Amino acid sequence: MNYEQLLQQVEFLISKYMRKHADPRLVFHNFAYTTNKVAVASRIADHEQLDEQNRFILLTATWFSDLGYYKNPKDPDLTGVHLADKFLKDLGIEPADLESIKSCLLAPASFQPAGSKPAEALCDTATFIYGMPEFKAYSKLWRTEEALLSEKEFDAANWIGRMIIRMEQHHFYTDYCKTVLQPTKEKNLKKLRKIQPMPILPAASLDATFSSRPEEVKPAKDKQQSKGDLPDRTIETMFRTTSANSQRLSSQADAKAHIMISVNTIIVSLILGIVVRKIDSYKALAIPTGLLLAVNLTTIIFAILATRPNVKKITFSGSTLEPEKTNMLFFGNFFSLHFDEYSEHMLHLMTDKKQLYLQLLRNLYEQGVVLAKKYRMLKISYNVFMFGLVISVIAFLIASKYFDAV
């Protein structure tokens with residue numbers, strides 16, 4: 001199959017469709033923007049060394065990723081999938097390739113690339129503007145387009161707050177974007193935080209911050225319905241934020257433990273390589289040297305305990321999940337199950353909202369317990385190192401003075 005020729009046909013098809021269905025409201029998701037996305041996708045494909053087939057899947061999906069805005073801007077993702085299915089069948093594309101393209105098109109909306117290289121790359125093209133020097137200009141166009149589509153103006157502070165939370169929750173999947181776009185994304189985020197250090201948004205708008213697509217503002221007649229959904233959205237946002245904070249603190253604890261391990265390992269190596277061999281000549285230094293070694297080893301042990309993984313195997317009985325006893329959201333509790341058993345438990349869990357929230361609460365609680373243990377061990381490690389190092393230095397000074405006196 002001549003993928004290069006098919007790509008040229010796809011590009012011609014998209015440009016023709018966008019010109020025919022031109023919408024003056026689409027100042028952001030237009031042909032120029034799509035062309036930029038395709039250019040980014042092409043660079044990702046080169047960096048990831050995708051084969052000809054996967055490169056075709058990625059670039060074709062990128063061409064169709066914004067086409068849905070020209071027919072139904074309220075649901076552009078599914079509309080884009082339907083258009084791709086219709087047009088690509090007429091081009092005679094292989095059914096397997098077509099299904100891969102449709103799967104890629106749904107990935108940015110669900111944030112579930114499922115390990116597919118083209119899908120991961122398409123997710124990154126959907127948010128490539130976060131890491132562009134022209135981010136400010138893109139953001140203004142995005143805000144203008146959303147206002148035109150919803151027929152409602154957006155407060156600048158509210159929009160900046162939404163962008164800050166989007167960018168904080170967002171991460172790139174491909175190595176190219178992590179290497180090239182991530183540094184600029186961090187600079188853009190810092191600039192936004194200087195403008196608005198504490199983004200405080202109405203609860204109803206929080207749900208929009210986790211989508212790669214701009215959210216439609218509900219008209220006035222739907223306000224009552226939005227209020228009815230407000231508690232669930234607020235709770236889910238709380239779960240996401242708390243879980244992310246716990247993971248961030250856990251990563252910080254691991255980094256601090258690694259510092260302790262590295263520093264003390266170097267000190268032990270120096271002592272064993274230099275000082276211990278000369279103890280016979282400087283016997284007065286034997287006690288402070290032994291004290292310093294004990295301090296270093298104790299520090300290393302507690303730092304290792306802070307980072308040591310601990311997975312307990314749990315035996316299940318029966319087919320009904322008991323959320324008050326088991327956390328099915330932690331891999332350590334289900335890795336020993338067969339997939340059929342695991343899927344049965346999870347499907348049962350997803351049908352019961354109360355049990356699902358209970359599992360999320362248990363997951364947060366257990367994260368907190370593990371985090372508390374990490375920081376407790378880490379505190380002991382730092383205290384031993386700090387006080388032990390001071391005592392060891394004093395011991396060395398005393399021993400040196402005594403040795404000189406002798």
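**Helix pairs and salt bridges: a quick tour**

Okay, let's start with two helices that touch: Y3, L6, L7, V10, E11, L13 and I14 in α1 meet E52, Q53, F56, L59, T60, W63 and F64 in α3. Before I go on, please keep in mind that what you see on the screen is a predicted model.

So what are these two helices? Helix α1 covers residues 3–20 and helix α3 covers residues 52–64, and their axes come within 10 Å and cross at roughly 0°. An angle under 35 degrees counts as roughly parallel, and that makes α1 roughly parallel to α3. What kinds of residues make up the contact of α1 with α3? Sorted by class, ten are nonpolar, two are polar and two are charged.

In case this way of talking is new to you, two packed helices are described by the angle between their axes and the distance between the axes.

Now a second pair. Helix α2 is residues 31–48 and helix α6 is residues 117–126; here the axes come within 9 Å and cross at roughly 140°. That angle makes α2 oblique to α6. The crossing of α2 and α6 is also right-handed. If you want to find the contact on the screen, look on the α2 side for Y33, K37, V40, A41, I44 and E48, and on the α6 side for K117, A121, D124, T125 and A126. In this contact of α2 with α6 we have six nonpolar residues, one polar and four charged.

Next topic, salt bridges. How many salt bridges are there? The count comes to eleven. I'll show you three of the pairs.

Pair one is R25 with D23: their side chains meet in a salt bridge, with 2.9 Å from N to O. Are these two buried or exposed? R25 has 31% relative accessibility, so R25 counts as partly exposed. D23 is at 18% relative accessibility, so D23 counts as buried; the cut-off for buried is under 20%.

Pair two is K89 with D85, and this salt bridge spans 3.5 Å, N to O. Both K89 and D85 sit in helix α4, residues 76–90, and they are four residues apart, about one turn of the helix. Look at the accessibility here: K89 comes out at 52%, which counts as exposed, while D85 comes out at 18%, which counts as buried.

Pair three is E366 with R362, where the closest N and O atoms are 3.6 Å apart. This pair belongs to helix α14, residues 353–405, and because E366 and R362 are four residues apart in that helix, about one helical turn separates them. E366 is partly exposed, with a relative accessible area of 24%, and R362 is partly exposed too, at 23%. While we're on salt bridges, let me go back to K89 and D85 for a second: salt bridges that share partners join D85, K89, E99 and K102 into one network.

Last stop, a single residue: T299, which is found in helix α12, residues 286–307. Is T299 buried or exposed? T299 has 0% relative accessibility, so T299 counts as buried. And which residues does T299 touch, leaving aside residues up to four places away in sequence? Those are M260, N264, S381, V384 and F385. Try clicking on T299 and then picking out its contacts, such as M260 and F385.

Okay, that's my tour. Thanks for listening!

Notes
Residues numbered from 1 in each chain as written. Predicted model: local features only at pLDDT ≥ 70, side-chain atom pairs only at ≥ 80, totals over all residues. Heavy atoms only, no water. Axes fitted to C-alpha atoms, helices over the stretch in contact; angles between N-to-C directions. Parallel < 35°, antiparallel > 145°, perpendicular 65-115°, else oblique. Left-handed = near helix turned anticlockwise from the far one by under 90°. Contact = heavy atoms within 4.5 Å. Nonpolar A, V, L, I, M, F, W, Y, C, P; charged D, E, K, R; others polar. Salt bridge = Lys/Arg side-chain N within 4 Å of Asp/Glu carboxyl O. Buried < 20%, exposed > 50% of the residue type's maximum accessible area, 1.4 Å probe, protein only.
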